[in-house]
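Here is a short report on one protein chain. Keep the sequence and the structure in view while reading.

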Amino acid sequence: GSSTVAKRDVKYGDEGYNKHTSGAFDVLVQNNYAEYGNTLAWGNKGRQVVIDGNVARFIADYAYGSEGGENIIFSNNISVNSTAGGIVSMYWGEKLLITGNLIMVRHEPWEAEWSWWDNPSKYLGPFVRLHHGPSNEEDMYGAGTVMISGNLFSNELSTRTVDISIQAGRDVTVAGNKFINGRVNKFGPGKVTVMDNEFVSRLDYDPLTINIMPRGTEMTIVKGNVFRKEAPVMTTDHQAAASEANKVPYFLFTDDDPGAEAEEGAVLEDMPAISITATSPFFGLVEDNSIYGWLQAIEGSINANVSDASIIVLNNTTDGFIDVDSANPDATVINENNTTIPEGLMPR
């Protein structure tokens with residue numbers, strides 16, 4: 001199985017050597033710059049690894065990543081446009097800290113002669129991806145004990161969100177981050193807590209922002225987050241709001257960039273801010289969130305074949321409606337003490 005004991009003197013060919021758990025220990029990757037490459041920093045089965053203070057731009061795979069790592073810190077890095085994600089954990093991972101990073105996805109000037117891809121739209125990947133393929137006997141499954149905190153995730157695309165994709169996340173917390181046109185997707189085994197984040201949408205429709213999908217997720221807590229809508233322009237002077245000269249578009253380069261028409265996964269229909277679907281034993285708590293600007297704030301459902309499941313929605317403040325139900329009468333749905341404020345009260 002995945003290594004929990006460091007055996008530093010066992011070499012290839014020695015008794016007890018295991019090719020699946022051998023790796024590097026005590027590694028620092030700091031203060032580098034890269035563009036138009038495949039990755040800037042990547043480690044396979046590393047322990048005690050710090051990837052800090054790097055800048056990566058137009059990366060054809062992922063900018064920073066770990067495949068089978070333990071005790072990994074990604075801190076103070078910048079990623080602009082990475083195909084597979086700004087930060088990625090593949091297969092098994094344990095004790096991953098992702099903090100203080102700036103991950104951006106945007107249309108910006110691109111140089112075809114240096115590029116791995118033939119179109120800039122192919123670089124517009126997710127913010128973070130915690131990935132795992134099918135489980136196997138030699139491997140613990142998915143990313144566990146993951147903390148994603150204090151990051152700025154900025155998406156300047158005009159037709160879709162960009163996500164943190166949590167596939168087989170055994171124990172993942174997403175807390176204290178700021179998202180611009182961002183989303184958290186969770187599917188596959190494990191638990192996730194999404195707490196005390198700010199989600200800002202500058203899109204022309206209501207985007208799905210926290211999506212808990214029906215693929216075996218065991219527990220989800222969504223607590224204390226702020227969701228708010230803004231117009232897709234920034235007014236530099238409130239007193240001169242009517243002046244076009246004082247309005248700055250957030251979506252830089254979008255209108256003139258040929259890749260702007262190829263935003264794969266574009267979704268232009270209104271969706272709930274939070275969506276939870278339970279198709280297996282599940283506990284879901286949605287509490288103390290403030291959701292402004294979405295027609296439908298929260299959606300939750302439990303399938304008819306699931307009795308050991310619950311969705312609890314408490315103490316949220318919204319200007320949209322909440323719809324939670326269960327097709328199984330033995331499952332638990334609680335929808336109480338939520339406050340609805342008049343639509344349009346919050347400024348945009």
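## The Glu198–Arg228 salt bridge

Glu198 and Arg228 form a salt bridge in this predicted model. Their closest N and O atoms are 2.7 Å apart. Glu198 lies in strand 20, residues 198–201, and Arg228 lies in strand 23, residues 226–229, so the pair ties together parts that are 30 residues apart in sequence.

How buried or exposed are the two partners? Glu198 is partly exposed, with a relative accessible area of 22%. Arg228 is also partly exposed, and its value is 23%. The cut-off matters here: a residue counts as buried under 20%.

## Lys223 and its two acidic partners

Lys223 takes part in a salt bridge with Glu287. The closest N and O atoms of this pair are 3.1 Å apart. Glu287 sits in strand 27, residues 282–287, and Lys223 in strand 22, residues 217–223. The pair links distant parts of the chain, 64 residues apart. Glu287 has a relative accessibility of 15% and counts as buried. Lys223 counts as partly exposed, at 27%.

Lys223 also forms a salt bridge with Asp288. Here the closest N and O atoms are 2.9 Å apart. Lys223 belongs to strand 22, while Asp288 is in the loop between strand 27 and strand 28 (290–292), so this pair ties together parts that are 65 residues apart in sequence. Asp288 is partly exposed, with a relative accessible area of 36%.

## The wider set of salt bridges

How many salt bridges are there? The count comes to 17. A network of salt bridges links Glu35, Arg57, Arg106, Glu108 and Glu156.

## An open parallel sheet

Which strands make up the open sheet, and in what order? There are 11 strands, in the order 1-4-7-10-13-16-19-22-27-30-33. The pairing is parallel. The edges are strand 1 (25–30) and strand 33 (332–336). Each edge strand pairs on one side only. Neighbouring strands of the sheet are turned by 5° against each other on average, direction ignored.

Strand 22 and strand 27 both appear in this order. They hold the Lys223–Glu287 pair described above, with Lys223 in strand 22 and Glu287 in strand 27.

## Strand pairs, residue by residue

Strand 4 (residues 47–52) and strand 7 (residues 70–75) run parallel, joined by five bridges. Val50 stands opposite Ile73 of strand 7. Strand 7 also pairs with strand 10 (residues 93–99), again in the parallel sense and over five bridges. There, the bridge partner of Ile73 is Leu97 in strand 10. Ile73 therefore faces Val50 and Leu97 in the pairing.

Further along the sheet, strand 13 (residues 143–149) runs parallel to strand 16 (residues 171–175). Four bridges join them. Met147 has Thr173 in strand 16 as its bridge partner.

## A nonpolar surface patch

Which residues make the nonpolar surface patch? They are Ile73, Leu97 and Met147. The patch has an area of about 190 Å². Leu97 is found in strand 10. Leu97 is partly exposed, with a relative accessible area of 31%. Patch residues need over 30%.

## Leu96, buried in strand 10

Is Leu96 buried or exposed? Leu96 is buried, with a relative accessible area of 3%. Like Leu97, Leu96 is found in strand 10.

Leu96 touches Gly69, Ile72, Ser89, Ala143, Thr145, Val146 and Met147, not counting residues up to four places away in sequence. One of these, Met147, also belongs to the nonpolar patch. The C-alpha atoms of Leu96 and Glu70 are separated by 6.9 Å, although the two residues are 26 residues apart along the chain.

## Ser165, buried in strand 15

Ser165 has its place in strand 15, residues 162–166. Ser165 is buried, with a relative accessible area of 9%.

What does Ser165 contact, leaving aside its neighbours within four places in sequence? The residues in contact are Val128, Arg129, Leu130, Asn185 and Phe187.

Definitions and conventions
Residues numbered from 1 in each chain as written. Predicted model: local features only at pLDDT ≥ 70, side-chain atom pairs only at ≥ 80, totals over all residues. Heavy atoms only, no water. Salt bridge = Lys/Arg side-chain N within 4 Å of Asp/Glu carboxyl O. Helix = DSSP H or I, 4+ residues; strand = E, 2+ residues; numbered from the N terminus. Buried < 20%, exposed > 50% of the residue type's maximum accessible area, 1.4 Å probe, protein only. Pairing = 2+ DSSP bridges. Axes fitted to C-alpha atoms, helices over the stretch in contact; angles between N-to-C directions. Patch = residues over 30% accessible without salt bridge, like charges linked within 9 Å, V, L, I, M, F, W, Y side chains within 5 Å. Areas by Shrake-Rupley, 256 points an atom, 1.4 Å probe, with all protein chains shown as cover. Contact = heavy atoms within 4.5 Å.
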